[in-house]
Amino acid sequence: MAIIHEILESVRKRNAGEPEFLQAATEVLESIEPAVQRHKKYVEGRVLERLVEPERVIIFRVPWQDDKGQYRINRGFRIQMNSAIGPYKGGLRFHPTVNLSILKFLAFEQVFKNSLTTLPMGGGKGGSDFDPKGKSDNEVMRFCQSFMTELFRHIGPDTDVPAGDIGVGGREIGYLYGQYKRLANESTGVLTGKGINWGGSLIRPEATGYGCVYFAEEMLKTRGESLAGKVCTVSGSGNAAQFTVEKLIQVGAKPVTMSDSNGFIYDKNGINQEKLEWIKNLKNVRRGRIKEYADEFGVEYVEGQRPWILACQCAFPCATQNEINGEDAARLLKNGCYLVSEAANMPSDPDAIHQFLAAKILYGPGKAANAGGVATSGLEMSQNSMRLPWTREEVDKRLHHIMVTIHKNAWDTAADYGQPGNLLVGANIAGFTKVADAMLDQGLV
Ligand code: NDP
């Protein structure tokens, strides 16, 4: 469709040097073409041109002092992408690779993901090129306090509600929340992922991983199958990966790998709950490397590689963007993989996605499969507003229901637009139409 190509051409010119953002924008705009063709109002209302332009981008200096007394300077960001259906909502990422392009891609994805959750949340994302790895708790605290000293004036429980992402877990959320509270002089649900005895929700830490596995189960149900007994490869060993593995164990699947940026471990007998508890301690308390698992349990460690070289039936990318390229995808397919459920954001590059769709395997794109994390953040916001905590069972039941609903919505939408089984198209169109209609309802904003 000529109009989509024209808009993409202009997006490329205006955002040159932002490859990740351009990748995400291209994927979404190309896949929603059938919806734009069916409903002329989106073209007439210039909705696409508005969607690719963030409502607000905040970039700021974050000065802090390390343990040796040296001054350090990092860069902080918050992208407030779209607030058509609710306050901006999306995580904070602390990683040395963080830049405007990566955060704009994440914020853009977040808009459609949040729309799919059924909850009233707009899309945003933020973070810093600060690397928490190798820093003391005190250094992380000083950094978080300085970061929040600027961020606090741009956020609020009804304005913008950040959460965690890579490099931002319970420890960082605690320091950020403590500083927000000092500055704003109020105790509100301004961040999600909080500790359980100061406003957090049960199941929030588990939600991204659990939700991704619930989504995989829904995909398998369409073929009359379940995860029980399936060999699963998992990348990453952080929050998303740990709870993906935990739920895989609970449903009787066999997770055989976990990784970090140095390499992966291969436990061919399967990672069980006891070994997973060891990993949680390694990663969340001792903050060590995944290689130590191989030394502890006498299994294989493959340095400098990702788990996609192994045979498996199901793959769960839980680390980072573009971690499955065309070569990896070809290898996965050749080795019999027929389900990919993405806990990470945009982990498959365009070539990999193309191969998965052409092979008609069960492919759950991140914005649908990993939406359980932000959905449960939405549930944390509800509980904070009511000042009433729900039980573990209640939150898990709601999370499960949301994942089933997202799958059904993506599945039905794909069929409605003549591409049955294509959950990428289904998720993108379903996420898009809700936001686009809200934008049109609200006039030229
Ligand atoms: P964590 O920081 O807890 O863990 C990240 C994991 O991925 C670590 O094992 C890390 O290894 C690895 N990793 C990070 N960057 C790279 C890289 N460039 N190459 C190889 N491995 C890498 O983050 P999360 O688990 O929270 O996030 C993982 C993914 O899930 C991200 O894509 C995130 O956006 C997505 N996600 C997370 C949600 C959440 O609720 N936390 C919600 C929805 C999506 P190392 O320690 O060596 O860096």
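Which residue has a polar backbone atom 2.9 Å from an oxygen atom of the ligand? One such residue is G167, and the points below begin with its surroundings in what is a predicted model.

1. The contacts of the ligand deserve attention at the outset. An oxygen atom of the ligand lies 2.9 Å from a polar backbone atom of G167, and an oxygen atom of the ligand is likewise 2.9 Å from a polar backbone atom of A240. With D165 the partner belongs to the side chain, where an N or O atom is 2.6 Å from an oxygen atom of the ligand. The ligand taken alone would expose 880 Å², and the protein buries 83% of that area.

2. The shell around the ligand is made up of 24 residues, of which D165, T208, S261, R289 and N345 come nearest. Sorted by class, this shell has 12 polar residues, together with 6 nonpolar and 6 charged ones. Two or more residues of the shell are supplied by each of helix 9 (204–221), helix 10 (239–250) and strand 8 (257–260).

3. Where does the ligand lie with respect to domain 1 (2–187) and domain 2 (207–369)? Both domains give residues to the shell around the ligand, so the ligand lies between them.

4. Helix 10, already mentioned as a contributor to the shell, has 12 residues and reaches 17 Å from its first C-alpha to its last, which is close to the 16 Å expected at 1.5 Å a residue. Because 9 of its 12 residues are buried, helix 10 is largely enclosed by the rest of the structure. The buried residues include A240, whose backbone was noted above for its 2.9 Å approach to a ligand oxygen, and among the others are the charged-class residues E246 and K247.

5. Helix 16 (residues 371–386) can be checked in a similar way: its 16 residues should span 22 Å at 1.5 Å a residue, and its end C-alpha atoms are 23 Å apart, which agrees. Helix 16 is mostly covered, with 13 of its 16 residues buried. Just after the helix, R387 takes a positive phi of about 55 degrees.

6. Most residues other than glycine have a negative phi, and two loop residues are therefore worth a second look in the light of that general tendency. N185, which is not a glycine, has a positive phi of about 55 degrees and lies in the loop between helix 8 (170–184) and helix 9. K360, also not a glycine, has a positive phi of about 55 degrees and sits in the loop between helix 14 (350–358) and strand 13 (362–364).

7. Are N185 and K360 buried or exposed? N185 counts as exposed because its relative accessibility is 69%, where the cut-off for exposed is over 50%. K360 is exposed as well, with a relative accessible area of 64%.

8. Two buried residues complete the note. N82 is placed in strand 2 (residues 71–82) and is buried, with a relative accessible area of 4%; its side chain reaches the backbone nitrogen of A84 at 2.8 Å. L151 lies in helix 7 (residues 137–151) and counts as buried because its relative accessibility is 0%. The C-alpha atoms of L151 and G76 are separated by 8.4 Å, although the two residues are 75 residues apart along the chain.

Terms used
Residues are numbered from 1 along each chain as its sequence is written. This is a predicted model: local features need pLDDT of at least 70, side-chain atom pairs count only at pLDDT 80 or more; totals for chains, interfaces and linings use all residues. Side-chain values use heavy atoms; hydrogens and water are left out. A residue is near a molecule or strand if one of its heavy atoms lies within 4 Å of it. A polar contact is a pair of N or O atoms within 3.5 Å; within protein, one must be able to donate a hydrogen and the other to accept it, and residues adjacent in sequence count only if both atoms are side-chain atoms. Accessible areas come from the Shrake-Rupley method with a 1.4 Å probe; for residues, only the protein chains shown count as cover. Helices (H or I, at least four residues) and strands (E, at least two) are DSSP runs, numbered from the N terminus. Domain bounds come from an automatic or database domain assignment. The expected span of a helix is 1.5 Å times one less than its number of residues. Buried means under 20% relative accessible area, exposed over 50%, partly exposed in between (1.4 Å probe, protein chains only).
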